[in-house]
Amino acid sequence: MRGSRERIVTSHAGSLPRPEALIAANQARQAGGEVDEARFQAQLRDAVTEVVRRQQQLGVDIPGDGEYGKSMGHRINYGAWWHYSFQRLGGLDPNGPGLYDMPAHRSQPGQVVLTSFSDRRDRQRFAAAYADPESGITTGPRARNWPVCVGPITYIGQDAIARDIANFKAGLAACGVEEGFMTAIAPGSASRIANRYYKTDEEFMFSCGAAMREEYKAIIDAGLILQLDDPSIAENWDQINPEPAVEEYRRFTMLRVEALNEAIKGLPQDRIRFHLCWGSWHGPHTTDIAMKDIVDVMLTINAGAYSFEAGNVRHEHEWRVWEDVKLPEGKLILPGVVSHATNVVEHPELVAERIVRFANQVGRERVIAATDCGLGGRVHADIAWAKLEALAQGADLASKQLWR
């Protein structure tokens, strides 16, 4: 994994805006309409090459494929990073209740369980704002059905991941880019669906990890960097009602870390980066767990680099955590220095300030400037590209300060 040896290098968290034509094609395919599959695949391949080229032009050093292989049928979409796994895991019935229609579950001391999305504490505290269509809070159209595990979990996405890899490698080659990353869902997040087959949620989660390992290995074997997306590590805090004790939550979360570490066991750590976030919806987020309460849990994940939200107004102050926490030897961090959570485009000088803060704590060579979370489906495309440009400009300014 490339570090910032002579200057601050840049990357991002994964999702990028899809072209309108690709969104329309995805929508037609999802609706079961008649689609020329060969034409669609050619369109997808060309779109991936173009998104690599655009990242290169804007100054992104370590590009991704924009998650274009993860179908997004609307411009506003917060779930493509997760939904894609429903077509790549066998043992699922796609006709379960909707994510917001599931029954609520109450936790109690000694028994922490996840409640439904509609019962999350953030949504309960700000119910009026969430119900107001003009409040600015949205997560896009809601799926009517959600999958349920009804049999042994297996990996059936071999053809899909092979296409994603081939499209991305072709794009990298066409643009003369040597290093790129691809995202994949981690078992803790993949298993946040109903389970009617496995005796315990733990058994179900480890089975998801065993299945997804095939995708992880395919990405690494292709010479790409693997990014593991797992909001469940931090975001689950808001999905437990009432709020649990921090130590109970940490024990609950360590099972998800163990499932992830088992799934990547034996894979090269220096080719793996982990993405932690508090969810990417445009909401108040007053019920997020503090970084100080979760950072050491994150660092037990056997990855070579850690991506996390650091640019939005709920978490920007938490750069100070690194005054007390020692980053393990040989590891890198990818702090978010531009945010998906606002339409305001960050000034490059502010971006540079954010980068320098982290560089002063962990060392300039160990910082890769990145985004809080995926920009695709969260902000308008024009704003997303402007944020990536500001990211690159801010990294240049920071480099002049750090290598003068």
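**Helix α2, a helix pair and some unusual backbone sites**

In this predicted model, the N-terminal end of helix α2 is capped by D36, one of whose side-chain oxygens lies 3.2 Å from the backbone nitrogen of A38. Helix α2 itself takes in residues 37-58. Its 22 residues, at 1.5 Å a residue, should span 32 Å, and the C-alpha atoms at its two ends are 31 Å apart, so the expected and modelled lengths agree. Just beyond the helix comes G59, with a positive phi of about 100°.

A good part of α2 is turned away from solvent. The buried residues are F40, Q41, L44, A47, V48, T49, V51, V52, Q55 and L58. Residues three or four places apart in an α-helix point the same way, because there are 3.6 residues to a turn. Such steps are easy to find here, for F40 and L44 are both on the buried list, as are V48 and V52. The cover over these buried residues includes α1 (20-30), α6 (158-175) and α13 (381-402).

A second helix to look at is α8 (residues 201-221), which packs against α10 at an angle of about 35° with the two axes 8 Å apart. The crossing of α8 past α10 is right-handed. On the α8 side, the contact is made by E202, M205, F206, G209, R213 and Y216, and α10 contributes L255, R256, E258, A259, E262 and A263. Sorted by class, this contact has six nonpolar residues, five charged residues and one polar residue.

The backbone also offers some less usual geometry in the loops. In the loop between α9 (232-235) and α10 (246-263) sits P242, and the peptide bond joining N241 to P242 is cis, with omega about 5°. Two residues that are not glycines have a positive phi of about 60°: one is E67 and the other is H285. E67 belongs to the loop between α2 and α3 (80-83), and with a relative accessibility of 4% it counts as buried, the cut-off being under 20%. H285 is found in the loop between β7 (272-276) and α11 (295-299). Its relative accessible area is 9%, so H285 is buried as well.

Two further loop positions round out the picture. S118 is placed in the loop between β2 (89-97) and α4 (121-125), where a relative accessible area of 31% makes it partly exposed. Leaving out residues up to four places away in sequence, S118 touches Y100, R123 and Q124. With Y100 there is also a polar contact, in which the side chain of S118 reaches the backbone oxygen of Y100 at 3.3 Å. From S118 to I137 there are 19 residues in sequence, and their C-alpha atoms are 14 Å apart in space.

E316, for its part, lies in the loop between β8 (305-308) and β9 (332-338). At 18% relative accessibility it counts as buried, because the limit for that class is under 20%. Beyond its neighbours within four places in sequence, E316 is in contact with A310, G311, L350, R354 and R357. These contacts include two arginines, R354 and R357.

Methods. Residues numbered from 1 in each chain as written. Predicted model: local features only at pLDDT ≥ 70, side-chain atom pairs only at ≥ 80, totals over all residues. Heavy atoms only, no water. Helix = DSSP H or I, 4+ residues; strand = E, 2+ residues; numbered from the N terminus. Expected span 1.5 Å × (residues − 1). Buried < 20%, exposed > 50% of the residue type's maximum accessible area, 1.4 Å probe, protein only. Contact = heavy atoms within 4.5 Å. Polar contact = N/O pair within 3.5 Å; in protein donor to acceptor, adjacent residues only side chain to side chain. Axes fitted to C-alpha atoms, helices over the stretch in contact; angles between N-to-C directions. Left-handed = near helix turned anticlockwise from the far one by under 90°. Nonpolar A, V, L, I, M, F, W, Y, C, P; charged D, E, K, R; others polar.
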